[in-house]
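Thanks for making the time this morning. I would like to walk you through one protein chain, going from the overall figures to a few local details, and I will try to keep each statement tied to what was computed.

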Amino acid sequence: MCATCGCSGSAVIEGFPGYEHDTGDGHEAGHEHGHEHEAGHGHETGHGHETGHGHSHEHGSGHGHGHGPESDHVHGPGPEAAHVHGPGPETTHVHGPGEPATRTITLEQAVLARNDSLAERNRVWFAQRGILAVNLMSSPGAGKTTLLERTIRELGAQLQLCVIEGDQETVLDADRIRATGAPAVQINTGSGCHLDAEMLAGGLRTLQPPDGSVVLVENVGNLVCPALFDLGEQARVVITSVTEGAEKPRKYPHMFRSATLVLLNKIDLLPYVDFDVAAFLEGTRAANPGVEVLELSATRGDGVTEWYDWLRARRPGLLNTPASV
């Protein structure tokens, strides 16, 4: 189980036989883990947090996928385990008269630190090949795939666009992308609610994007957890639409705070919906004062030229001779 958000399931990468990134119990197919159990001791994560579980685990590091040969795993005390984002590692919750206090222990730090290390390897890999990687994040239905389809049709040949699709199930979106002529790989996360750096590394080994190309990563539709997980991308684009409500930046500030660019999509529907553009922009600036915001319609074509110019301007140069993935 992901100790940060509680999601579980096994990520399966299309076209990658044998790859299974397990986020359920911390064990990956085809890898061995060393466990040492001592009765009567706390369950330690290696980061100084104890759960009070009846045994301890020590994990070896000689395994992993993609850019991360090591794979550290953090186990919670049980299915009821939770996490907090407060200033300290532990928080006590009292539920009411006659109910016992419960203690919540933060495991997020260990999970995110591990992911950040793998993300940095991805970032170096992209830089060596002069590849621009853009992480596209939104709630479901904001129009990510529609925008990708139009972008590929109108810009794909010029920028050598490749796509990695993240969804819980199906290859529907990857099929839509491939119908435009662009190479695409589907990553299914099961019940997982986000992509992580290790999943992306596995997807890249299948995709094999050309040097100097642009990799567009369509993350799982979710305005919470994808913002927490660095993939090694050079830019983050948050896509929202006028059908979702102008309060989204205030309700989900971390997502907008992490954005390099915000796209307000479906502006062709403004005459038909109750959406306050000024309030949306005010909320976006409150979360992220310096972020660039573009208004567009992926279906009608309003504003897409500015989006294309933004992509062109961020293509890096090739830094050195690449190594294998």
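I will begin with the chain as a whole, then turn to a strand, a helix and the aromatic pairs.

Please keep in mind throughout that this is a predicted model. The protein chain holds 8 helices and 11 strands, and of its 325 residues, 51% are buried. If we take the contacts between residues at least 6 apart in sequence, 68% of them join residues that are at least 24 apart. The chain exposes about 14,200 Å², and carbon and sulfur atoms account for 51% of that area.

Let me move to strand β5, which covers residues 132-138. How many of its residues are buried? The count is 7 of the 7, so the strand is largely enclosed by the rest of the structure. Both of its faces are covered, with L132, V134, L136 and S138 buried on one side, and A133, N135 and M137 buried on the other. As for its neighbours, β5 runs parallel to strand β8, residues 214-218, and is joined to it by 5 bridges; within that pairing, N135 has V217 as its bridge partner. Strand β9, residues 235-241, is likewise parallel to β5 and connected to it by 5 bridges, and here the partner of S138 is I239.

The helix I picked out is α4, residues 197-207, where 9 of the 11 residues are buried, so this helix too is largely enclosed by the rest of the structure. The buried set consists of A197, E198, M199, L200, A201, G202, G203, L204 and L207. At the start of α4, a side-chain oxygen of D196 comes to within 3.1 Å of the backbone nitrogen of E198, while at the other end the helix is followed by Q208, which has a positive phi, near 50°.

Now to the aromatic rings. A pair of such rings is described by how far apart the centres are and by the angle between the planes. By the rule applied here, the count comes to 4 aromatic pairs. Why is the pair of F256 and F280 called edge-to-face? Their ring centres are 6.2 Å apart and their planes stand at 75°, and planes over 60 degrees apart count as edge-to-face. Since F256 belongs to helix α6, residues 253-257, and F280 to helix α7, residues 277-287, the pair ties together parts that are 24 residues apart in sequence. F256 is buried, at a relative accessible area of 0%, and F280 is buried as well, at 0% relative accessibility. By contrast in geometry, W307 and W310 have ring centres 5.8 Å apart and planes at 15°, so that pair is stacked. These two tryptophans sit 3 residues apart in helix α8, residues 304-313, a separation of about one helical turn, and both W307 and W310 are buried. I should add that F256, F275 and F280 form one aromatic cluster.

One last residue brings us back to α7, namely T284, which lies in that helix. Is T284 buried or exposed? With a relative accessible area of 0%, T284 is buried. Leaving aside residues up to four places away in sequence, T284 touches P249, F256, V262, V291 and V293, and F256 is also a member of the aromatic cluster I described a moment ago.

Definitions and conventions:
Residues are numbered from 1 along each chain as its sequence is written. This is a predicted model: local features need pLDDT of at least 70, side-chain atom pairs count only at pLDDT 80 or more; totals for chains, interfaces and linings use all residues. Side-chain values use heavy atoms; hydrogens and water are left out. Helices (H or I, at least four residues) and strands (E, at least two) are DSSP runs, numbered from the N terminus. Buried means under 20% relative accessible area, exposed over 50%, partly exposed in between (1.4 Å probe, protein chains only). Contact means heavy atoms within 4.5 Å. Accessible areas come from the Shrake-Rupley method with a 1.4 Å probe; for residues, only the protein chains shown count as cover. Rings of Phe, Tyr and Trp (its six-membered ring) pair if their centres lie within 6.5 Å; planes under 30 degrees apart count as stacked, over 60 as edge-to-face and the rest as tilted. A polar contact is a pair of N or O atoms within 3.5 Å; within protein, one must be able to donate a hydrogen and the other to accept it, and residues adjacent in sequence count only if both atoms are side-chain atoms. Two strands pair if DSSP finds at least two bridges between them.
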